Amino acid sequence: MTVAKDAPALNFECETGNYHTFCPISCVAWLYQKIEDSFFLVVGTKTCGYFLQNAMGVMIFAEPRYAMAELEEGDISAKLNDYDELKRLCLQIKRDRNPSVIVWIGTCTTEIIKMDLEGIAPKLEAEIGIPIVVARANGLDYAFTQGEDTVLAAMAQRCPKPKDVKSEQKEDPNAIQKLLSFGRNSDNDKPQASEYKDHPPLVLFGSLPDPVATNLSLELKKQGVQVSGWLPSKRYTELPVIDEGYYVAGVNPFLSRTATNLMRRRKCKLIGAPFPIGPDGTRAWVEKICSVFGIEPQGLDEREAQIWESMEDYLQLIRGKSVFFMGDNLLEVSLARFLIRCGMTVPEIGIPYMDKRYQKAELNLLEQTCQDMGVSLPRIIEKPDNYNQVQRINELQPDLVITGMAHANPLEARGINTKWSVEFTFAQIHGFTNARDILELVTRPIRRNNNLKGLGWDKLVQEEAKV
Amino acid sequence: MKLAYWMYAGPAHIGTLRIASSFKRVHAIMHAPLGDDYFNVMRSMLEREQDFTPVTASIVDRKVLARGSQEKVVDNITRKDQEESPDLIVLTPTCTSSILQEDLQNFVDRAQLDSKGDVLLADVNHYRVNELQAADRTLQQIVRFYLEKARKKEQLPEGKTEKPSANIIGISTLGFHNQHDCTELKRLLTDLGIEINAVIPEGATVDQLQDLPKAWFNLVPYRELGLMAAKYLQEEFAMPYVDITPMGVVETARCIRKIQQVVNSQGGEVDYEGYIDHQTRHVSQAAWFSRSIDCQNLTGKKAVVFGDNTHAAAMTKILAREMGIHVVLAGTYCKYDADWFREQVSEYCDEVLISEDNGEVGDAIARIEPAAIFGTQMERHVGKRLNIPCGVIAAPIHIQDFPVGYRPFLGYEGTNQMADLVYNSFTLGMEDHLLEIFGGHDTKEVITKGISAESDLEWAKDALTTLQQVPGFVRGKVKRNTEKFARDRGITQITLEVFYAAKEAVGA
Ligand code: SF4
Ligand code: SF4
């Protein structure tokens with residue numbers, strides 16, 4: 001990605017306002033499903049538990065693989081011994097569920113009372129014989145999707161080195177089963193090795209639903225690039241092998257700590273690319289990976305063009321329309337970049353946290369896209385103030401606002417089209433194939449309201465919010 | 001430390017926020033970390049609320065922790081005072097920020113200096129009480145604050161309204177079927193010739209609070225919310241209160257008779273017996289339902305009831321007294337008020353269970369194997385697992401508790417709703433049973449079989465695995481589309497690549 005040096009630079013502001021987003025411990029909701037042999041234990045208060053239960057709509061019903069270690073007065077006043085308490089709970093989990101790993105999710109409370117989770121875990125893990133991974137996904141330091149970042153950053157430490165795997169396989173009674181299991185097993189891939197070019201090992205990081213991960217791996221396979229593993233893997237026992245000098249690439253913009261840990265602690269080389277969201281982003285991502293491995297990518301032009309063409313019906317609905325991001329899940333820049341390429345304009349990108357280094361390639365692509373499309377650059381507002389944003393939305397009257405759940409109904413009632421940002425967190429949006437699904441979400445309010453138009457129902461509240 | 005999978009009642013600050021945001025022109029400032037402000041999501045999503053929830057989080061983050069919160073909290077209060085000029089700003093911590101043990105009263109005092117509206121610290125012990133207790137407490141605190149203020153300014157009203165009148169206390173946002181109950185209660189009181197002096201907190205302004213003592217009595221439909229305020233009003237203003245939940249035919253009549261007594265003791269001359277009789281026999285279908293052959297089939301069937309005090313107690317009585325159903329176990333999660341519950345239900349059931357642990361409740365249900373359950377969303381799920389139908393009668397609230405249509409639990413229309421709920425719960429159980437017998441349930445295996453049996457196409461293992469990961473309700477369609485795609489191109493083996501290519505081509 002080359003960016004013309006004289007182009008107007010992106011403008012970053014930090015409003016440090018009162019904004020709404022989900023607590024990072026919400027990552028439990030998708031990670032426990034992704035890592036099938038895991039158990040997540042959130043060490044916190046009723047407030048944390050009630051959040052998981054309610055706001056996420058993830059009700060902890062039958063056969064849960066996550067739970068709260070609810071801190072009580074005795075824990076907070078340090079009358080009870082943290083080690084003994086956690087041991088009691090983890091033994092119970094071991095007995096009831098026998099997971100391959102227990103992930104402790106720290107919370108604001110464990111931060112405030114300075115509970116030494118990282119100190120306790122190694123001793124307890126040795127005592128009870130189940131690996132314990134500690135992630136401090138609290139709401140004091142992180143927002144929403146960054147919770148996943150804290151977990152993956154911690155898990156990166158647990159990925160085996162090649163030598164661990166070899167010695168293990170001799171003794172491991174489950175080795176046969178591992179061979180049989182579906183997925184990215186290096187042994188499975190051997191017969192097909194000829195389809196791949198020769199390049200150093202590549203590990204991808206970011207939790208995606210299995211079909212999406214497979215899809216991206218296949219996209220790379222078409223270029224002869226072999227993905228030797230994903231962090232996280234489907235099972236904790238199948239974490240990818242990582243060694244010094246391996247290449248790593250992220251699939252999501254909120255994984256900066258994981259990237260840092262992989263580079264600093266595991267001595268991996270990070271491939272900084274735009275994220276594989278939208279056909280433009282996916283193409284750039286594949287291209288960048290290929291370029292690092294000295295591979296000339298084949299057929300990407302046609303591939304991208306074909307996807308754009310297949311989305312034309314949706315593109316017609318949104319071209320020339322504006323979209324305002326209030327900021328919630330840190331996918332904002334990638335989505336904005338894609339939607340600008342679709343022909344939309346973006347006045348403002350709110351975002352809870354902006355890591356300009358990890359997102360550098362994405363930001364460059366955003367600038368480039370704005371230039372190519374001849375639209376002005378969005379304001380990027382870190383930690384926005386929702387109240388001020390609503391004033392700006394009133395002034396700008398954007399065609400669509402992508403927002404957290406708390407503001408959607410009130411904005412709709414004021415005649416503003418909205419889409420929940422959280423849907424983009426959970427929908428399958430990565431890769432060429434899924435680009436259409438992003439537009440399916442983006443255009444839904446527009447299509448819905450086109451249907452309702454003529455009923456004169458677009459404003460359902462009498463007074464406008466006071467300005 | 002406690003291993004917890006589920007909570008029946010939320011943390012204290014939720015209760016406080018429910019009260020604050022039920023009032024009009026009241027704003028709450030929540031002193032809490034970023035992720036604690038999900039109350040706004042709950043209110044906006046569950047109630048489909050059209051207005052912005054009047055709750056702002058004054059965010060505690062690493063920096064605030066290091067520097068102290070006072071400036072930020074005070075700034076946020078005064079800022080909100082200017083932006084929206086509410087009558088009252090309520091400050092609440094969450095249990096997380098209350099660990100910091102800051103002098104929040106001091107913050108409030110400082111903010112009050114620069115605010116036009118009133119500023120109040122929710123006086124709740126976040127370590128010791130739950131959502132329900134905190135809501136009850138906060139309502140009492142606000143009522144008291146404004147009555148004392150009026151008394152100081154000598155603005156308290158004199159005397160009572162001319163005609164008998166009542167305050168309905170305890171209707172709040174995010175309450176279980178509260179809105180519909182409120183409509184039904186108003187209708188009931190109007191039928192009885194009683195004026196509505198005020199409904200609090202939902203939709204009330206704090207200015208209205210000084211007029212509360214004008215009413216002849218207070219009606220407190222829910223045991224969990226409003227009793228503290230009613231007791232305060234009784235002590236300070238000698239206002240009687242009626243706290244019989246008018247749920248079910250018998251309890252509704254009892255509630256009305258109590259109202260009659262309270263009204264007549266203050267010089268009224270009312271006789272509601274004719275009304276009760278007419279409603280019971282002709283308006284409410286519930287009494288007739290109880291006598292009908294349908295209900296006869298329910299006689300002696302076993303049921304388990306679990307919920308908050310109000311609804312679990314009322315439901316137990318309805319089932320046992322009005323429908324002849326055998327309530328094996330009645331339980332509540334309102335541990336703090338267990339004695340009342342025991343006293344209410346012990347004569348109508350075999351066992352009483354007081355527990356906040358959903359596991360214990362689930363185990364009891366599994367042991368008893370009732371024909372139907374009446375409980376919360378949690379019991380509904382337990383029921384699903386055990387194949388026992390469950391009618392939902394109590395919070396924790398869920399989007400299904402905010403139906404667009406009219407579904408009160410209280411009053412005479414409520415009795416009809418109850419009859420439907422009971423009847424449907426049991427009969428749906430029957431239907432489910434029949435479906436099971438005739439194999440009408442869709443199962444995952446069916447599609448797998450379908451693929452290998454009736455298809456000329458061969459699915460590669462990885463493609464098949466991926467197909468299985470497609471959500472059930474569209475899987476059939478995805479499968480059909482993929483096979484069509486393959487056939488059109490003369491492909492005989494569906495590999496993962498083919499699968500994805502098909503997805504792209506079909507654009508779905
Ligand atoms: S912000 Fe902190 S206290 Fe609140 S839910 Fe998240 S981790 Fe728990
Ligand atoms: S017991 Fe403590 S941590 Fe739990 S909800 Fe109450 S205040 Fe919060």
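A residue counts as near a molecule if one of its heavy atoms lies within 4 Å of it. I keep that cut-off in mind for my first look-up, and I note that the model is a predicted one.

**Entry 1: ligand 2**

I asked which residues surround ligand 2. From chain A I found A:Thr45, A:Lys46 and A:Leu71, and from chain B I found B:Cys95, B:His126 and B:Tyr127. Ligand 2 lies between chains A and B, and I can see both letters in that list. Sorted by class, its shell has three nonpolar, two polar and one charged residues.

**Entry 2: ligand 1**

Next I turned to ligand 1, which also lies between chains A and B. On the chain A side I noted A:Cys23, A:Cys48, A:Thr107, A:Cys108 and A:Gly139 around this ligand. Chain B brings B:Pro33, B:Gly35, B:Asp36 and B:Thr96 to the shell. I sorted these residues by class too and got four nonpolar, four polar and one charged. I also looked up the space that ligand 1 takes, and it is the second largest cavity.

**Entry 3: rings**

How many aromatic pairs does the structure hold over all chains? I wrote down 19. I picked one to study, A:Phe51 with B:Tyr38: the ring centres are 5.3 Å apart and the planes meet at 50°, so this pair is tilted. The reasoning is a matter of cut-offs, because planes under 30 degrees apart would be stacked and those over 60 edge-to-face.

The pair crosses between chains. A:Phe51 belongs to helix α2 (residues 46-54) of chain A, while B:Tyr38 is in the loop between β2 (26-33) and α2 (39-46) of chain B. Both residues are buried. I then followed the ring pairs onward and found a cluster that links A:Phe22, A:Trp30, A:Phe51, A:Phe144, A:Phe426 and B:Tyr38.

**Entry 4: charges over rings**

I found two spots in chain A to share here. The charged end of A:Lys356 sits over the ring of A:Phe12, 4.5 Å from the ring centre. Over the ring of A:Tyr314 I found the charged end of A:Arg436, at 4.4 Å from the centre.

**Entry 5: helix α19 of chain A**

Is helix α19 (residues 405-413) of chain A mostly covered or mostly open? I found it mostly covered, with eight of its nine residues buried. The buried ones are A:Met405, A:Ala406, A:His407, A:Ala408, A:Pro410, A:Leu411, A:Glu412 and A:Ala413. Just past the helix, I noted that A:Gly415 takes a positive phi of about 85°.

**Entry 6: two residues in helices**

I looked up A:Arg448 in helix α21 (residues 431-452) of chain A. Its relative accessibility is 40%, so A:Arg448 counts as partly exposed. From its C-alpha atom to that of A:Thr418, 30 residues apart along the chain, I read 11 Å.

B:Ala150 is my second pick, from helix α7 (residues 131-152) of chain B. Is B:Ala150 buried or exposed? It is buried, because its relative accessible area is 2% and the cut-off for buried is under 20%. The C-alpha atoms of B:Ala150 and B:Asp207 are separated by 9.5 Å, with their positions 57 residues apart along the chain.

**Entry 7: chain B as a whole**

I finished by stepping back to chain B. I counted 22 helices and 16 strands in its secondary structure. Its C-alpha trace spans about 90 × 70 × 40 Å along the principal axes. Of the 508 residues in chain B, 59% are buried.

Conventions: Residues are numbered from 1 along each chain as its sequence is written. Chains are lettered from A and ligands numbered from 1 in the order in which they are written. This is a predicted model: local features need pLDDT of at least 70, side-chain atom pairs count only at pLDDT 80 or more; totals for chains, interfaces and linings use all residues. Side-chain values use heavy atoms; hydrogens and water are left out. On a 1 Å grid over the protein atoms alone, a cavity is a set of points where a 1.4 Å probe fits but cannot get out, and a pocket is an open set with protein on both sides within 12 Å along at least five of seven lines; lining residues have an atom within 4 Å of a point. A molecule sits in a cavity or pocket if more than half of its atoms lie within 2 Å of its grid points. Ala, Val, Leu, Ile, Met, Phe, Trp, Tyr, Cys and Pro count as nonpolar, Asp, Glu, Lys and Arg as charged, and the others, Gly among them, as polar. Rings of Phe, Tyr and Trp (its six-membered ring) pair if their centres lie within 6.5 Å; planes under 30 degrees apart count as stacked, over 60 as edge-to-face and the rest as tilted. Helices (H or I, at least four residues) and strands (E, at least two) are DSSP runs, numbered from the N terminus. Buried means under 20% relative accessible area, exposed over 50%, partly exposed in between (1.4 Å probe, protein chains only). A charge sits over a ring if NZ of Lys or CZ of Arg is within 6 Å of the ring centre and within 35 degrees of the ring normal.
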